[in-house]
Amino acid sequence: FGESVAISAASIVVGAKGNDDAGQSSGSAYVFHYNGSGWVEQQKLTASDGATGAQFGFSVTVDGELIVVGAFFDIDAGSRSGSAYVFRYNGTTWIEEQKITASDAAPYDWFGSIVSISGEVIVVGSLQDDDAGLDSGSVYVYRLNGSSWIEEQKLTASDADGGDYFGYGLAISPDFIVVGASM
């Protein structure tokens, strides 16, 4: 509990990747709301398809009425391929809106290892993607199109190389995306 945290206005999201509700280390995320005098737990989020070892909550981000939670060990496209879940606040509760995965997902990509959101744009790091060599990394950009989040672009470094872990750090504003690489 607390390895990943995010805040927006009166909402705080705290990841708990080791929570065991849907199996060992399936993960969860907790939403806290400021009620005018203190922070109170509003809701515990879990993946609708939560699974052992997915580590839902490894990364979290919040912007207004949207929360994105990464589950970088999810296995939809093979071991540790990863995924991210979008939740929307409907006025009373946070509802899972969509699960997103990379269009070219592969085992051990770690998609969802970092997530960030600004308005109607979500960015998701896949720091062990291998397009430019083993663990070179990439970042996927999603945009809200009506009621669905659509993959718009895949970002890689112009000088990408194996072991860069492009997507290790990630931030977004309305006009810019900044991506860090650990090597």
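The following questions and answers concern a predicted model.

Q: In what order do the 4 strands of the open sheet stand?
A: The sheet is open and is formed by 4 strands. The pairing in this sheet is antiparallel. Neighbouring strands are turned by 20° against each other on average, direction ignored. The order of the strands is E1-E2-E3-E4.

Q: Why is one side of strand E1 and of strand E4 left without a neighbour in the sheet?
A: Strand E1 covers residues 5–8, and strand E4 covers residues 39–45. Both stand at the edges of the sheet, so one side of each has no neighbour there. The reason is that each has a single partner strand.

Q: Which residue in E4 stands opposite Ala-29?
A: Strand E3 comprises residues 28–34 and runs antiparallel to E4. The two strands are joined by 6 bridges. Opposite Ala-29, in E4, stands Leu-45.

Q: How many residues lie between E13 and E14 in their hairpin?
A: Strand E14 consists of residues 177–180 and runs antiparallel to E13, with 4 bridges joining them. Within this pair, Gly-169 stands opposite Gly-180 in E14. The two strands form a hairpin, and the number of residues between them is 4.

Q: Where does Asp-161 lie?
A: Two strands serve to place this residue: E12, at 148–155, and E13, at 169–172. Asp-161 is found in the loop between strand E12 and strand E13.

Q: Is Asp-161 buried, exposed or partly exposed?
A: The relative accessible area of Asp-161 is 46%. A residue is buried under 20% and exposed over 50%, with partly exposed in between. Asp-161 is therefore partly exposed.

Q: With which residues is Asp-161 in contact, leaving aside its neighbours within four places in sequence?
A: Contact requires heavy atoms within 4.5 Å. Once the neighbours within four places in sequence are left aside, the residues in contact with Asp-161 are Ala-132 and Ser-136.

Q: What separates the C-alpha atoms of Asp-161 and Val-124?
A: Along the chain, Asp-161 and Val-124 are 37 residues apart. In space, their C-alpha atoms are separated by 19 Å.

Q: How many residues of the lining of the largest cavity are charged?
A: A search of the whole structure finds 1 cavity of 30 Å³ or more, and the largest cavity holds about 30 Å³ of space. Its lining is made up of Asp-21, Ala-22, Ser-26, Gly-27, Thr-46, Ala-47, Gly-50 and Phe-56. Of the lining residues, 3 are nonpolar and 4 are polar, and the number that are charged is 1.

Technical notes:
Residues numbered from 1 in each chain as written. Predicted model: local features only at pLDDT ≥ 70, side-chain atom pairs only at ≥ 80, totals over all residues. Heavy atoms only, no water. Pairing = 2+ DSSP bridges. Axes fitted to C-alpha atoms, helices over the stretch in contact; angles between N-to-C directions. Buried < 20%, exposed > 50% of the residue type's maximum accessible area, 1.4 Å probe, protein only. 1 Å grid on protein atoms, 1.4 Å probe; cavity = no way out; pocket = protein on both sides within 12 Å on 5 of 7 lines; lining within 4 Å. Points joined across faces, edges and corners; volume = space filled by probe spheres on them. Nonpolar A, V, L, I, M, F, W, Y, C, P; charged D, E, K, R; others polar.
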